[in-house]
Amino acid sequence: MAQGSDSNDTSYKSPSPGSRPSSSDDAKKVMRREKNRIAAQKSRMRQTQKADSLHLESENLEKENAALRKEVKQLTEEAKYLSSVLSSHEPLCTGLTAQTPDLLYPPHHSSYHHQHIAVPHYQH
């Protein structure tokens, strides 16, 4: 940033109505400085608003991430539980012992396999 463009710089004072610039060049310089000051002020305001917006977005994404991690943990625990239920059920299921691996899990319309399971069936 250029020296003297600090937002807290109060050394520059706009000319009072009684003091007139000595030439049109001075008037142009004063107008240019005033426009530049206003533009810099607006730019700083936009930067602050953008930073605030990004901060809020970051907080929301962190909350969403935490919720998704919690859901992943719950689903992982459920998958472990269902795997253990399946492992303990397979030796009990008489319909599965004589079948080939292709036919290990019959279509859902067969009801002989489901009579041993006390866990609700989850569909995707």
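Here is a short chat about a predicted model of one protein chain.

Student: How many helices and strands does the protein chain have?
Tutor: Helix α1 covers residues 24–89. As for strands, the count is zero. So the DSSP runs come to one helix and zero strands.

Student: What share of the residues counts as buried?
Tutor: To count as buried, a residue needs under 20% relative accessible area. The chain has 124 residues and exposes about 11,200 Å², with carbon and sulfur atoms supplying 55% of that area. The buried share is 5%.

Student: Which side chains meet in a salt bridge, and what is the N to O distance?
Tutor: Searching the whole structure turns up one salt bridge. Its partners both sit in helix α1, three residues apart, or about one turn of the helix. They're Arg-37 and Glu-34, at 2.7 Å.

Student: Is Glu-34 buried or exposed?
Tutor: Its relative accessible area is 22%. Buried means under 20% and exposed means over 50%, so Glu-34 falls in between. Arg-37, at 38%, is partly exposed. For Glu-34 the call is likewise partly exposed.

Student: Over which residues is the pLDDT below 50?
Tutor: For the protein chain the mean pLDDT is 78, and 58% of residues reach 70 or more. One stretch with pLDDT below 50 has eight contacts in the model beyond near neighbours in sequence. Where pLDDT is low, predicted coordinates shouldn't be read in detail. The stretch in question is residues 110–114.

How values were computed:
Residues numbered from 1 in each chain as written. Predicted model: local features only at pLDDT ≥ 70, side-chain atom pairs only at ≥ 80, totals over all residues. Heavy atoms only, no water. Helix = DSSP H or I, 4+ residues; strand = E, 2+ residues; numbered from the N terminus. Buried < 20%, exposed > 50% of the residue type's maximum accessible area, 1.4 Å probe, protein only. Areas by Shrake-Rupley, 256 points an atom, 1.4 Å probe, with all protein chains shown as cover. Salt bridge = Lys/Arg side-chain N within 4 Å of Asp/Glu carboxyl O. pLDDT = per-residue confidence, 0-100. Contact = heavy atoms within 4.5 Å.
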